Amino acid sequence: MVCSFLLAVSVLSAPAFARQAPPSGPPAQAEQQQDWPRSFTMDDGTVVKIYQPQPESFSNNILKSRWAVSVLQPGKTDPVFGTFWSVANVETDRDARRVVIQSAKVPNVKFPGQPDENFTNSMKTALEANLPATAGDLSLDEVLASLDQDLEQQKMSKNLNTAAPRIIYADHPSLLVVIDGQPKLQTNKDWGLDVVVNTPFTIVKAHDNQFYLYGSKHWYTAQEATGPYSAAGNIPSELQQVQTAVDNATSSSPGYTDSAAAAQDNVVSDIVVSTGPAELIQTSGQPTFTPIQGTGLSYASNSSNDIFQDQGGKYYVLISGRWYTSGSLTGGWHYVAAGSLPSDFAKIPEGSPKDNVLASVAGTDAARDAIMDAQIPQTAKVDRNTATTSVNYDGDPQFAPLQGTDMQYATNTGSSVIQENGVYYSVDNGVWFQAPGPNGPWTVATERPAQVDAIPPTSPDYNLKYVYVYDVTPDYVYMGYTPGYLNAYVYGPTVVYGTGYYYNPWFNGFYYPRPWSWGFGFGYNPYVGWTMGFGYGFGWFHGGWGMGWGGGWGGWRGGWWGPAVYHPAFAFNRYRTTGYYGPGFARNRNVFINSYHTNIYAARPGVITRDNHTFTSRGLSRPGVTGGRPGGAVNGGRPGTNNVFSDRAGNVYQHNTQTNQWQQRSNNSWRPVQGNPSVQQNLNRQQQMRDRGQVRTQNFNQARGAAPRSGGASRPSGGGSRPSGGGGSRGGRH
């Protein structure tokens, strides 16, 4: 079935085009930088200006918005102002934070005092023909910030686990090493050494029967794989090849090296090993608490974690988007809902060092933005003739009941495979496939299993419900996924990372990991999503990630964070002195860096997405379109001030910056809005949301400039296209 999920959103649009003309110049960047309004010229010389849109809903890939519009006909000196409503098919590029209108219908146009029905109908036709090209790429952050606040929060995650994991406190440099259960050893054929396969870290057993852990250019040693570890002095010679392989893999990953990473290389950490869900919080020495202006809260300013203390001495910590509180840093932590926090948390100033937590505080603008963002899909079109996958099992396929449904899921594979009514479905990197049997042959699916939305969060396949099928043509299937597929969920009034449940991995002939919620210090970043905490980086994970089938170096074994191909970005934000929100955002390379490329469609054969190199020079290469979107020439120049709004009744308003007053268009003139405080309050709110969106867009662009993007697929093993097979390269044989 074609999926349906509903979200009310507010939209903003982009550049302006006119008559049909071939595109020219570089990729739509010049257009994106233009101000509002944007315009096109009709064949008879009529100039139509559209003003920044005000979205009303976003369902599947359908965006509904209202726009103020002005029309200046030839020979006239005064334009006619009105409002039109659009229903647009859009495509979203979450990495570039852009929304593109592919096509649009204009069901209604209203020009107050204009009785000419022929004029109205001609404007409908002209707007439908020119809106995609005139609007161009929209800023996703401006869209989210401009959303009406009557958001319909449908399909929100329910029944997630909020029980506290084991929370470990340290007051000196430490690093948590997670092993998925008791250590499982496998021989690496390239190295001739046994390695621990059920961890993303590099742990090897040398010929002296000692275990060695390598990361961030340091070796640690222990008698057991679980520790205790201490810094190694001279290492056995056979470990040099391991170090070389890990270092080479690290250096081959573009965008990794930065000042914070270099500083990490000089830190020798205490190693804390956990074989189950756990989190490490730490301070540099005894905690130093610094007051937060305008609140009764203080934060640990010598910690990279989000540790707070209230005036009564109670501690609060934010982990994977969930709040926990205790009277002691060393234990006794229990969950507190985001809506039950002390009111002072909502008063943390935007632009302050700890404003990142506002996304996890109920009722804040940051939390609403995060919820909206979590429901915006990354979209792509899938070629039905060329896209395929393959599934590898550890022996004959084995299936188990999928709780809460009549479906079954495969247990002895790294791929996501479910069976419903004799049909087998698999999701490979955000694409649905189906087959008559568990081994294929796999073809692009045109609908999802009917019961997919009933998959509970206690299932390791829970994230599949966040991959959607939008539309089907003879050659393509339009699909998309929201951040839930990448292990990020809306939970009540905020967003969280992971379901909170521990899933037993498969380990028999091969080890297949399942998604984890804990152990990596995940924190929310409004520009790149969820990032691993300070201390982790490519230098720690390449060895574990690089162990493939049969123990060879260079394979790919993901799955710890959802799709096999996906890894989250790393956050080098040891002690931030600037905030994420507000105009004071600093282009600080220590804030966050490295590979915020989350479009997992980008390197997959047979898939065309906004981040794929099969793009033309101007946007998405759609069926029947060459050279980008159909459209015309841009009406040049910077058209004017972005201060025109419309309401749902079709009235048009502008803010007069000289008099600081709102004015309404009436009888071809602007007249002050008087005696109606509710109208002025609503207009002020819309202006504030628009300003907030523009600030977020500027901050995101600064962040992009501060961090080079990694090339190719979203994984650390050095670019290149992954074979079209599904989960076949997830796992290690013992």
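**Exercise 1.** With the side chain of which residue does the side chain of Gln309 make a polar contact? Place Gln309 in the fold and list its neighbours as well.

*Solution.* The model is predicted, and the steps below should be read with that in mind. Begin with the position: Gln309 belongs to strand 21, which covers residues 306-309. Next, look for the polar partner, which is Tyr315, whose side chain makes a polar contact with that of Gln309 at 3.4 Å. Finally, leave aside residues up to four places away in sequence, and Gln309 is found to touch Phe289, Gly296, Leu297, Ser298, Lys314 and Tyr315.

**Exercise 2.** Determine the order of the strands in the open sheet that contains strands 42 to 45, and explain which of them stand at the edges.

*Solution.* Strands of a sheet pair through backbone hydrogen bonds, in either a parallel or an antiparallel manner. Here four strands form an open sheet in the order 42-43-44-45, with antiparallel pairing. Strand 42 (644-646) and strand 45 (669-672) each have a single partner strand and therefore stand at the edges, so that one side of each lacks a neighbour in the sheet. From one strand to the next, the twist averages 35 degrees. Turning to one pair within this sheet, strand 43 (residues 652-656) and strand 44 (residues 661-666) are joined in the antiparallel sense over four bridges, and Asn656 is found opposite Gln661 of strand 44.

**Exercise 3.** Relate Tyr491 to Ile371, and decide how far helix 6 is enclosed by the rest of the structure.

*Solution.* Tyr491 is part of strand 34, residues 488-491, and with a relative accessible area of 23% it is partly exposed, because this value lies between the 20% and 50% limits. Although Tyr491 and Ile371 are 120 residues apart along the chain, a separation of 8.8 Å is found between their C-alpha atoms. Ile371 is one of the buried residues of helix 6, and the others are Ala366, Ala367, Asp369, Ala370, Met372 and Asp373. Since seven of the nine residues of helix 6 (residues 365-373) are buried, the helix is largely enclosed by the rest of the structure.

**Exercise 4.** Two asparagines, Asn421 and Asn487, have a positive phi; establish for each whether the residue is buried or exposed.

*Solution.* Take Asn421, whose phi is near 55 degrees, a positive value in a residue other than glycine, and which sits in the loop between strand 28 (416-420) and strand 29 (423-428). Its relative accessible area is 73%, so Asn421 is exposed. For Asn487, phi is near 80 degrees, and the residue is placed in the loop between strand 33 (476-481) and strand 34. The relative accessibility of Asn487 is 3%, and the residue therefore counts as buried.

**Exercise 5.** Locate the prolines that follow the cis peptide bonds from Gly227 and from Gly440, then describe two nonpolar cores.

*Solution.* The bond from Gly227 to Pro228 is cis, with omega near 5 degrees, and Pro228 is in the loop between strand 15 (218-222) and strand 16 (230-231). The bond from Gly440 to Pro441 is also cis, with omega near 0 degrees, and Pro441 occupies the loop between strand 30 (431-435) and strand 31 (443-444). As for the cores, the largest nonpolar core has 67 residues, of which Tyr229, Phe308, Trp323 and Phe345 touch the most other members. Another core, of 42 residues, lies apart from the largest, and its members include Val431, Ala435, Trp442 and Val467.

Conventions
Residues numbered from 1 in each chain as written. Predicted model: local features only at pLDDT ≥ 70, side-chain atom pairs only at ≥ 80, totals over all residues. Heavy atoms only, no water. Pairing = 2+ DSSP bridges. Helix = DSSP H or I, 4+ residues; strand = E, 2+ residues; numbered from the N terminus. Axes fitted to C-alpha atoms, helices over the stretch in contact; angles between N-to-C directions. Buried < 20%, exposed > 50% of the residue type's maximum accessible area, 1.4 Å probe, protein only. Polar contact = N/O pair within 3.5 Å; in protein donor to acceptor, adjacent residues only side chain to side chain. Contact = heavy atoms within 4.5 Å. Core = buried A, V, L, I, M, F, W, Y, C linked by side-chain atoms within 4.5 Å.
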